[in-house]
Amino acid sequence: MSTMKSTQPVYSGPATTYSMVNAAISMNYVVTALWKEGTWVCIQYDVTADKRRGFVPASAVNITEPSVPTFTPTNYTRYVAGNTTTYNGPSSSGYPTVATLTSGTVVSFLNKNEGSFALIEYTLSGSQKTRSYINSANLQLVKPTLTLAQLKSKFPHGKYWNRMGLSANNQDGYTSTQCSNHGNTNNCNHYNPGTSDLASQCLGFALKCGYDSTGYDPLAIANGWSSSESSSSLDSLKAGDIVRYTTATNEHSIFVTGVSGDTVTYGDCNGTGKPCEIRWGATISKATLKSKFVKLRSAPKTLI
Ligand SMILES: [Zn+2]
């Protein structure tokens, strides 16, 4: 067994810019050297309750394993499918959890598998990189998209698309409390496909559903999304599209979930009279939409 030559902080990757696994591992601590990357070595060691994996400078370890391979990672872009817990080592037991990554999170797969686990790297808020292990069944090549059933489960009918009682935007969640100060940024959720809040209330919710069902921002007019301000565009209206139309007092946006003859079924937020309430299964006639038409955002594919 190898031992530490000196006390060292342990990082999740082979540089001090990675997140820390342990603030210090003591001199003479027994470790197993797993592989080398550059001037660093990945070690595994036992702690009181379980095991840890991380990197220390190779020069700080008295390596006694007869053969320690060198690993050169290759970065492959992958998407996390489903909200998924990652671990410090290649198992869901015996190592601490690192994070729960939300479905659709972009990560780098480092081209290293152990059993059913894959080594990944990603950037946390700020610029700090982290490495951890994820079940490889939860990594996929294409952006995950949600079906109508999954959208209804994610944003339940009768709940509120807002951040009441929470300290931050809650665009992937909901609450059971209607907005007490509706229109205030500390109340309503905001659609944010990257780094900017782009819309709230009815439009924000419709855009969020459009994004989650396609993997692409409906506002970008790219990746198959298009828009039209001609009411004749409603002739080809389909599930997955977003329609904006005038109401008695304002304008309203809806996320279309079905079209049958003249009947359009939709989901929306802030359309029931209760601020930011989520609703599914409402209907409106296509003729009404045509007479009050403002804009169609046409999805790249029909919602299933
Ligand atoms: Zn609100």
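User: Which strands does α2 lie across, and what is its angle to β19?

Analyst: In this predicted model, α2 lies across β18, β19, β20 and β22 (293-298). Its direction is at about 35° to that of β19.

User: How do you know that the length of α2 fits a helix?

Analyst: Set the expected span against the model. Helix α2 covers residues 201-214, which makes 14 residues, and at 1.5 Å a residue that should span 20 Å. The C-alpha atoms at its ends are 20 Å apart, so the two values agree. Just after the helix comes G215, with a positive phi near 85°.

User: What makes you call α2 largely enclosed?

Analyst: The cut-off for buried is 20 or more other C-beta atoms within 10 Å. In α2, 14 of the 14 residues are buried, so the rest of the structure largely encloses this helix.

User: What makes β18 and β19 a pair, and which way do they run?

Analyst: Two strands pair if there are at least two bridges between them. Strand β18 (residues 242-246) and strand β19 (residues 251-260) are joined by five, so they pass that test. They run antiparallel. To find the register, look at R244, whose bridge partner in β19 is S253, and at V243, which is partnered by I254. The two strands form a hairpin, with four residues between them.

User: And how do you know that β19 pairs with β20?

Analyst: Same kind of check. There are five bridges between β19 and strand β20 (residues 263-269), in the antiparallel sense, and the pairing rule asks for at least two. One of the partnerships is G258 with T265 in β20. This is a hairpin as well, with two residues between the strands, and G261 in the turn has a positive phi of about 60°.

User: Why are β17 and β21 called edge strands?

Analyst: Start with the sheet order: β17-β22-β18-β19-β20-β21, six strands in an open sheet with antiparallel pairing. β17 (226-228) and β21 (278-285) each pair on one side only, and that is what puts them at the edges. From one strand to the next, the twist averages 30°.

User: What makes up the largest nonpolar core?

Analyst: A set of buried nonpolar residues joined through C-beta atoms within 7 Å counts as a core, and the largest one has 33 residues. Y160, W161, A206, V243, F255 and L289 have the most contacts inside it. The elements giving two or more residues are α2, β18, β19, β20, β21 and β22. The biggest contribution is from α2, with seven residues. Apart from this core lies another, of 14 residues, including M4, V21, V41 and F55.

User: Which residues does W161 contact, leaving aside those within four places in sequence?

Analyst: W161 is in contact with F155, Y174, N189, F205, C269, C276 and I278.

User: C276 is on that list. How do you know whether C276 is buried or exposed?

Analyst: Count the C-beta atoms: C276 has 29 others within 10 Å, and buried starts at 20, so C276 is buried. C276 is in the loop between β20 and β21. Its phi is positive, near 65°, though C276 is not a glycine.

User: And N223, buried or exposed?

Analyst: N223 has 12 C-beta neighbours inside 10 Å, and 12 or fewer means exposed, so N223 counts as exposed. N223 is in the loop between α2 and β17, and is a non-glycine residue with a positive phi of about 55°.

User: Why is S103 called partly exposed?

Analyst: S103 has 19 other C-beta atoms within 10 Å. Buried needs 20 or more and exposed needs 12 or fewer, so S103 falls in between. S103 sits in the loop between β10 (97-101) and β11 (106-114). Leaving aside neighbours within four places in sequence, S103 contacts V80, A81, G82, N83 and P144. S103 and L146 are 43 residues apart in sequence, with C-alpha atoms 9.9 Å apart in space.

User: What are the domains, and how far apart are the centres of domain 2 and domain 3?

Analyst: The domain assignment gives domain 1 (2-62), domain 2 (76-140) and domain 3 (148-298). Between the C-alpha centres of domain 2 and domain 3 there are 31 Å.

Definitions and conventions:
Residues numbered from 1 in each chain as written. Predicted model: local features only at pLDDT ≥ 70, side-chain atom pairs only at ≥ 80, totals over all residues. Expected span 1.5 Å × (residues − 1). Domains from an automatic or database assignment. Axes fitted to C-alpha atoms, helices over the stretch in contact; angles between N-to-C directions. Contact = placed C-beta atoms within 7 Å.
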